[in-house]
Amino acid sequence: MTLHAAAETCISVSAAKPATNDATGFSALTFTQVGELETIGDITRRKAAITFGNLCTGKTTTLKGGEEGVTVEIGVGLDRDDAGQTLMTAGYDATEPYSFKITESNGDAVYFRAYVMQDSIRYGGINEVVKGSYSLGMLTETFVVVNAT
């Protein structure tokens, strides 16, 4: 695999749940691209730290725990007429998680399920575009990467 730029990376959303949590299940869904995408935050897989403090020795031991869910921040130029942004806003009010697909510039795809945990508007200053942002609370068991090659 070679390095590739983030430019031309897109995120799409679907309210549907895949039949299976694998590439086949996710690729069968119909996704709507989120328009005016500015940023996709870090997607970090992380294990919880379990710590134990031994009173007698005064030392702490750290063990590796379960995988933690993460929050991914999505930034957009606000466009209330964009179908993808409208779907993201609807996801905030939904009680079920949505499906997401990040298409990287080299054609690789990252699929996952997440709750839309935040839907916000940022007005900024006189020389700024009105922006929207979404926080996605990922379900760790549905993280799938599909290489284009």
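**Close-up views of a predicted model**

**View 1. Here we zoom in on S12, which sits in strand β1 (residues 10-14).** Keep in mind that this whole model is predicted. Is S12 buried or exposed? With a relative accessible area of just 9%, S12 is buried, because anything under 20% gets that label. Which residues does S12 touch, leaving aside those up to four places away in sequence? Its contacts are F31, T32, Q33 and V34, plus S99, F100 and K101.

**View 2. Next up is helix α2, which spans residues 83-93.** Four names to look for here are G84, Q85, M88 and G91, and they are buried. These residues cover an arc of only 110 degrees around the axis, so they sit on the same side of α2. If that seems surprising, remember that an α-helix has 3.6 residues a turn, so residues three or four places apart point the same way. Now look at the N-terminal end of α2, which is capped by D82. A side-chain oxygen of D82 lies 3.1 Å from the backbone nitrogen of G84.

**View 3. This one shows K131 and E38, whose side chains meet in a salt bridge.** The N to O distance is 3.2 Å. The pair links distant parts of the chain, 93 residues apart: K131 belongs to strand β9 (residues 131-146) and E38 to strand β3 (residues 37-40). K131 is partly exposed at 23% relative accessibility, and E38 is partly exposed too, at 48%. What lets such side chains pair up? Side chains of opposite charge can pair when their charged atoms come close.

**View 4. Here E68 and R46 form a salt bridge.** Their closest N and O atoms are 2.7 Å apart. E68 is in strand β5 (residues 59-68) and R46 is in strand β4 (residues 46-54), so the salt bridge ties together parts 22 residues apart in sequence. E68 has a relative accessible area of 29%, so it counts as partly exposed. R46 is also partly exposed, at 40%.

**View 5. Our last salt bridge joins the side chains of R122 and E128.** The N to O distance is 2.7 Å. R122 is partly exposed at 45% relative accessibility, and E128 is partly exposed at 39%. How many salt bridges does the structure hold? There are 3.

**View 6. Finally, take a look at the cysteines C10 and C56.** C10 is partly exposed, with a relative accessible area of 23%, whereas C56 is exposed at 76%. How many disulfides does the structure hold? The count is 0.

How values were computed:
Residues are numbered from 1 along each chain as its sequence is written. This is a predicted model: local features need pLDDT of at least 70, side-chain atom pairs count only at pLDDT 80 or more; totals for chains, interfaces and linings use all residues. Side-chain values use heavy atoms; hydrogens and water are left out. A disulfide is a pair of cysteine sulfur atoms within 2.5 Å. Buried means under 20% relative accessible area, exposed over 50%, partly exposed in between (1.4 Å probe, protein chains only). Helices (H or I, at least four residues) and strands (E, at least two) are DSSP runs, numbered from the N terminus. Contact means heavy atoms within 4.5 Å. The arc is that of the directions from the helix axis to the C-beta atoms. A polar contact is a pair of N or O atoms within 3.5 Å; within protein, one must be able to donate a hydrogen and the other to accept it, and residues adjacent in sequence count only if both atoms are side-chain atoms. A salt bridge is a side-chain nitrogen of Lys or Arg within 4 Å of a carboxyl oxygen of Asp or Glu.
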